[in-house]
Amino acid sequence: AGRKQPVKTPGPAAPEPSPPEPAPSKLTAERLAPFKPAPATPPPPRRKGPSGAAQRRAEKAVRLSGQDPRLPIFLGRDPINSAYMLGDLDAPYAEHSEWFAIVDEGALTAVMLLYSGGSVPTILTAGDPVDVEALFTAFQTDLPRRFHGHIRPAHRNSVLALYDFQDVRAMARMGLRRPQY
């Protein structure tokens, strides 16, 4: 009698080699360059205490309700740079937001937001630099010792009056204004 031949079953097919990745074009590299994270810059030296002007303006510092009708008007003057703050006026972020402002003759001249909804408190600022410094001065005992800050370049010295910076990075704000879309 004849011997049975073992049946050969085909094994898994070898994967086809993937085509090589195209080298990034110069145009693509130039387009993506602005979106690479900025390297940390060395922290600037800390100033010793608030300026006399900020101490005087601190007398005009108040806590605001997130429902204050002046807030969206003030922040709406620069909606791209104030986008996070404008968003924190609405639920569910509003419940984690504390608002501080300098009020001069009924008008807001500077605003500071302390947002406590994340693992690290965040402070955002808008308005006149001396008045932002006045807010840090007036509420220094109410603010956390450490926080993540979205601090505009014009407000750096305002913060340095009372805080040291540990990791400074540039932040790009992107947005469209209504006529652009």
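Start by selecting Tyr 163 in this predicted model. Tyr 163 is buried, because its relative accessible area is 12% and the cut-off for buried is under 20%. You'll find Tyr 163 in the segment after helix 6.

Now add Phe 136 to the selection. A search of the whole structure turns up five aromatic pairs, and Phe 136 and Tyr 163 form one that is edge-to-face. Their ring centres are 5.9 Å apart, with 75° between the planes. This pair links distant parts of the chain: Phe 136 sits in helix 5 (residues 129-138), 27 residues away from Tyr 163. How much of Phe 136 is accessible? Its relative accessibility is 0%, so Phe 136 counts as buried. Bring in Phe 147 as well, and you have one aromatic cluster made of Phe 136, Phe 147 and Tyr 163.

**Next stop: helix 5**

Colour the whole of helix 5. Is this helix mostly enclosed or open? Seven of its 10 residues are buried, so helix 5 is largely enclosed by the rest of the structure. The buried ones are Asp 131, Val 132, Glu 133, Ala 134, Leu 135, Phe 136 and Thr 137. To see what covers them, switch on helix 2 (52-57), strand 1 (61-64), strand 2, strand 3, strand 4 and helix 6, which are included in the cover.

**The nonpolar cores**

Keep helix 5 on screen and look at the largest nonpolar core, which has 23 residues. Select Phe 100, Met 112, Ile 123, Leu 135, Phe 136, Leu 143 and Tyr 163, the members that touch the most others. So Phe 136 and Tyr 163 turn up again here, because they are buried and belong to this core. Strand 2 (97-104), strand 3 (107-115), helix 5 and helix 6 each supply at least two residues of the core, and helix 5 gives the largest share, with four. Apart from this core lies another one, of 15 residues; pick out Leu 64, Trp 99, Val 103 and Leu 113 among them.

**Over to the largest pocket**

Select Gly 149, Ile 151, Phe 165, Asp 167 and Val 168. Of the 31 residues lining the largest pocket, these lie nearest its centre. Strand 4 (122-127), strand 5 (148-150) and helix 6 (156-160) are the elements that give two or more residues to the lining. Which of them gives the largest share? That's strand 5, with three residues. The pocket has a volume of about 1100 Å³. Try colouring the lining by class: you should get 15 nonpolar, seven polar and nine charged residues.

**A loop to visit: Asp 78**

Jump to Asp 78, in the loop between helix 3 (70-75) and helix 4 (83-87). Asp 78 is partly exposed, with a relative accessible area of 24%. Beyond its neighbours within four places in sequence, Asp 78 is in contact with Arg 152 and Arg 177. Try a distance label too: the C-alpha atoms of Asp 78 and Ala 126 are separated by 9.0 Å, although the two residues are 48 apart along the chain.

**Zoom out**

Finally, show the whole chain as a cartoon. There are six helices and five strands, and along the sequence they follow the pattern α-α-β-α-α-β-β-β-α-β-α. Buried residues make up 29% of the 181 in the chain. Among contacts between residues at least 6 apart in sequence, 63% join residues at least 24 apart.

Conventions. Residues are numbered from 1 along each chain as its sequence is written. This is a predicted model: local features need pLDDT of at least 70, side-chain atom pairs count only at pLDDT 80 or more; totals for chains, interfaces and linings use all residues. Side-chain values use heavy atoms; hydrogens and water are left out. On a 1 Å grid over the protein atoms alone, a cavity is a set of points where a 1.4 Å probe fits but cannot get out, and a pocket is an open set with protein on both sides within 12 Å along at least five of seven lines; lining residues have an atom within 4 Å of a point. Grid points are joined across faces, edges and corners, and a volume is the space filled by probe spheres set on the points. Ala, Val, Leu, Ile, Met, Phe, Trp, Tyr, Cys and Pro count as nonpolar, Asp, Glu, Lys and Arg as charged, and the others, Gly among them, as polar. Rings of Phe, Tyr and Trp (its six-membered ring) pair if their centres lie within 6.5 Å; planes under 30 degrees apart count as stacked, over 60 as edge-to-face and the rest as tilted. Buried means under 20% relative accessible area, exposed over 50%, partly exposed in between (1.4 Å probe, protein chains only). A nonpolar core is a set of buried Ala, Val, Leu, Ile, Met, Phe, Trp, Tyr and Cys residues joined through side-chain atoms within 4.5 Å. Contact means heavy atoms within 4.5 Å.
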